[in-house]
Amino acid sequence: MISSTDNSRHSRAPIRLQQADDAPATRAAVAFAPPDEARSISCVIPCFNEGPNLRRLLPLLEDILWATRLRWEIIVVDDGSTDDTVAVAEAWCELSGFRCISLSRNFGKEAALTAGLAAATGDAVVLLDGDLQHSPELIHTMIAQWVAGAEVVYAVREQRSDESRFKQLGSRLFYSLVNASDRFAVPRDAGDFRLMDRKVVDALMSLPERSRFMKGLYAWVGFRAVALPYTPAPRAEGASSFNTRRLVGLAIDGLTAFTTWPLRVVSVVGLMLAVPAFAYGAFVAVDYLLFGNSVSGWTTIVASLMFFIGIQMISTGIVGEYISRIYEEVKGRPLYVVRRERGTGLETGRT
């Protein structure tokens, strides 16, 4: 097997799959081959039921990486897919430069991204989705910015006209809340599509937390970052499994992982309610002692009690979210479990 680090480009061997579209087509060798001392790049693609899209993405991405004149590897992380994602990815692993990491079940995109970053060995790492909404052609621009000195190049959506009004409002609200702290800011409308220098990847992998909100971690580690505007392409095949429930869960993870202001809000609201309640209670007691007026307004009292109990339950829920994060961290379970690895990346001889 000829490696992507060797001096001649491999010609693709036949791949043993039943469908012809699954197999990489044989291509003629090209004249250029990157020297051994050339900088290297890793592309990490987290996938969940993206088999049809991978058939289109992998040959396109390979051509783009050869054109960069860098040593490269493509790492597909299968996050417990139930379709033929693994079969498609492992077929390409018969060629050097391709790797497939299959997780034992669906651990979520944040865990799949972490698994890919842990496996990547390039001087720079590119993260992109497997549904072709993240255009691989932008990798050339990202590399140019990286060579010019940028340590992070992240893609930012130019507009959200293709999303529902509810999702647009929810996105604006989320970024306003998570950026309430002035220590660092999570860029609005920036996703996982980005290039990161090796030092940035190492910094991310040094973080021990298990409740990982990657968009926040990208911003927290800092480094020189350059925004790259782009418009996501329509999803090539299938439908996204990232529904409203999962988006809300991710938003809660982000807020509890990077902000503590909800806990402070609980304290402030409690103080704002307790002081007037105490003052009113003192007024009623003094009024009865001085003028003998009987206490009236039981309906108001009952409604007030229901209101205060509701506030108390919400406050308990907010505190419980933070306690649950502590519980997850204390257990110390791994972020993911690898079922199988196939292929050879930049590390020669690694299978």
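Which strands does helix H4 (residues 138–147) lie across? The legends below take this up along with other close-ups of a predicted model.

**View 1. Helix H4 rests across several strands of the sheet.** Strand E1 (40–47), E4, E5, E6 and E7 are the strands that H4 lies across, and H4 runs at about 50° to E6. Helix H7 also packs on the sheet, where it touches E4 and E6, and its direction makes about 40° with that of E6.

**View 2. Eight strands make up an open sheet with mixed pairing.** Follow the strands in the order E7-E5-E6-E4-E1-E2-E3-E8. At the edges stand strand E7 (225–230) and strand E8 (338–343); each has a single partner strand, so one side of each is left without a neighbour in the sheet. On average, neighbouring strands of this sheet are turned by 20° against each other, direction ignored.

**View 3. Strands E5 and E6 pair in the antiparallel sense.** Four bridges join E5 and E6. For a handy landmark, look for valine 156, which stands opposite alanine 190 in E6.

**View 4. Helix H6 (residues 198–205) has buried residues.** Here you can pick out Val200, Val201, Ala203 and Leu204, which are buried. Seen down the axis of H6, its buried residues fall within an arc of 160°, so they line one face of the helix. A general point helps here: an α-helix has 3.6 residues a turn, so residues three or four places apart point the same way. The cover over the buried residues of H6 includes helix H3 (109–119), strand E4 (124–127), strand E5 (152–157), strand E6 (190–197) and helix H7 (214–221). At the N-terminal end of H6, aspartate 197 acts as a cap, with a side-chain oxygen 3.1 Å from the backbone nitrogen of lysine 199.

**View 5. Trp66, Trp72, Trp92 and Phe98 gather in one aromatic cluster.** Within this group, tryptophan 92 and phenylalanine 98 form a tilted aromatic pair, 5.1 Å centre to centre with 45° between the planes. Tryptophan 92 is buried, at a relative accessible area of 3%, and phenylalanine 98 is buried too, at 2% relative accessibility.

**View 6. Phenylalanine 193 and tyrosine 230 form an edge-to-face pair.** Their ring centres are 5.8 Å apart and their planes stand at 75°, so the pair counts as edge-to-face. This pair links distant parts of the chain, with phenylalanine 193 in strand E6 and tyrosine 230 in strand E7, 37 residues apart. Phenylalanine 193 is buried at 1% relative accessibility, and tyrosine 230 is buried at 9%.

How values were computed. Residues are numbered from 1 along each chain as its sequence is written. This is a predicted model: local features need pLDDT of at least 70, side-chain atom pairs count only at pLDDT 80 or more; totals for chains, interfaces and linings use all residues. Side-chain values use heavy atoms; hydrogens and water are left out. Buried means under 20% relative accessible area, exposed over 50%, partly exposed in between (1.4 Å probe, protein chains only). Helices (H or I, at least four residues) and strands (E, at least two) are DSSP runs, numbered from the N terminus. The arc is that of the directions from the helix axis to the C-beta atoms. Contact means heavy atoms within 4.5 Å. A polar contact is a pair of N or O atoms within 3.5 Å; within protein, one must be able to donate a hydrogen and the other to accept it, and residues adjacent in sequence count only if both atoms are side-chain atoms. Two strands pair if DSSP finds at least two bridges between them. Axes are lines fitted to C-alpha atoms, for helices over the stretch in contact, and angles run from 0 to 180 degrees between N-to-C directions. Rings of Phe, Tyr and Trp (its six-membered ring) pair if their centres lie within 6.5 Å; planes under 30 degrees apart count as stacked, over 60 as edge-to-face and the rest as tilted.
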